[in-house]
Amino acid sequence: MSDWGAEKLQEDVRWKYGIPPSGNANFAWMQHMIHHLSPTGKIGLVLANGALSSQSGGEGMIRENIIKADLVECIVAMPDKLFYSTGIPVSLWFLNRSKKQTGKTVFIDARGLGTMVTRKLRELSEDDIMKIANTYEAYVEGTLEDEKGFCAVVSTEDIAKQDYILTPGRYVGIAETQDDGEPFEEKMARLTSELGDLFEQSHKLEDEIRKQLASIGFTIK
């Protein structure tokens, strides 16, 4: 929300970690819920990905203060097209006043999960959901091992080195791809040959489109 009444709430007691910007209510909403947590309370949030890295309007400072307070337990980057109303991807934030793994945050990059069930909608399977849940539970119990490209347990000190940005891809890295056994030189020769064929087909299609348009009185300039 951009019109959430910020001008009337500048001195609000809920803004312990910083005054939220007037044009975006993400961190107002987050701090509202933190304020109402019990000493052992937990929050699950769904937020647009901008909240992970935004620096505008003091949001970076608020996020930094929340991280320094050791509230951020888990961040999950979700795939796109999970909602009927929008195709944008989101992230799940789990905040906890009584973290079992203090001074640490687990990052899960789940963008590769899910199956497209229509052209515009993706669904997570039960196995996908359990993979995320089991990863979080293993982290809480202290038994999780980092998996390149999917999950990583990161100290607050290392998050500070990334300017308190919480984008999971910064921490989990890129999954290792299995070597297919084809020598690099041979692979490049094959791929460039295939690319040349595609370029040739493209030129032929372009010429045909120009001819068809010219036949009905139109010219591409």
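Is K204 buried or exposed? Hold that thought for a moment, everyone, while I say that what we have here is a predicted model. Now back to our lysine: K204 is exposed, because its relative accessible area of 54% is over the 50% cut-off.

K204 also has a partner. It forms a salt bridge with E200, and the closest N and O atoms are 3.7 Å apart. If you look for the two in the structure, you will find both in helix α6, which covers residues 184-215. They are 4 residues apart there, about one turn of the helix. E200 itself is partly exposed, at 45% relative accessible area.

Let's stay with salt bridges. How many are there by the rule used here? The count comes to 11. One of them joins the side chains of K68 and E64, at 2.7 Å from N to O. This pair sits in helix α2, residues 59-68, and once again the spacing is 4 residues, about one turn of the helix. E64 counts as partly exposed, with a relative accessibility of 23%.

Another salt bridge brings together the side chains of K81 and D80, with 3.3 Å from N to O. K81 is partly exposed at 28%, and D80 is partly exposed at 25%. These two belong to something more: D80, K81 and R122 are linked in a network of salt bridges.

Next, the sheet. Which order do its strands follow? Reading across, it goes β1-β3-β2-β4-β7, an open sheet of 5 strands with mixed pairing. At the edges are β1, residues 42-48, and β7, residues 151-155, each of which pairs on one side only. On average, neighbouring strands of the sheet are turned by 15° against each other, ignoring direction.

A quick reminder for anyone new to this: strands of a sheet pair through backbone hydrogen bonds, and they can do so in a parallel or an antiparallel way. In our model, β4 (residues 104-109) pairs with β7 in the antiparallel sense, over 5 bridges. To see one of these partnerships, find V106, whose bridge partner in β7 is V153. Helix α3, residues 126-140, lies across β2, β4 and β7, and it runs at about 165° to β4.

Let me pick out one residue from strand β3, which spans residues 90-96: N96. Is N96 buried or exposed? It is buried, because its relative accessible area is 3% and buried means under 20%. The side chain of N96 makes a polar contact with the side chain of E73, at 3.2 Å. Looking beyond its close sequence neighbours, N96 touches T40, G41, K42, D70, L71 and E73.

Finally, the nonpolar cores. The largest has 27 residues, and those with the most contacts inside it are M30, I66, W93 and L166. Which elements give two or more residues to this core? They are α1, β1, α2, β2, β3, β7 and α5. The largest share, 4 residues, comes from α1.

Do click on I66 when you have the model open. Leaving out residues up to four places away in sequence, I66 touches Y17, F27, M30, I34, L71 and V72. Apart from the largest core lies another one, of 15 residues, and M78, L92, V106 and A110 are among them. You have already met V106, as the bridge partner of V153.

That's my tour. Thanks for listening!

Definitions and conventions: Residues numbered from 1 in each chain as written. Predicted model: local features only at pLDDT ≥ 70, side-chain atom pairs only at ≥ 80, totals over all residues. Heavy atoms only, no water. Buried < 20%, exposed > 50% of the residue type's maximum accessible area, 1.4 Å probe, protein only. Polar contact = N/O pair within 3.5 Å; in protein donor to acceptor, adjacent residues only side chain to side chain. Contact = heavy atoms within 4.5 Å. Salt bridge = Lys/Arg side-chain N within 4 Å of Asp/Glu carboxyl O. Pairing = 2+ DSSP bridges. Axes fitted to C-alpha atoms, helices over the stretch in contact; angles between N-to-C directions. Core = buried A, V, L, I, M, F, W, Y, C linked by side-chain atoms within 4.5 Å.
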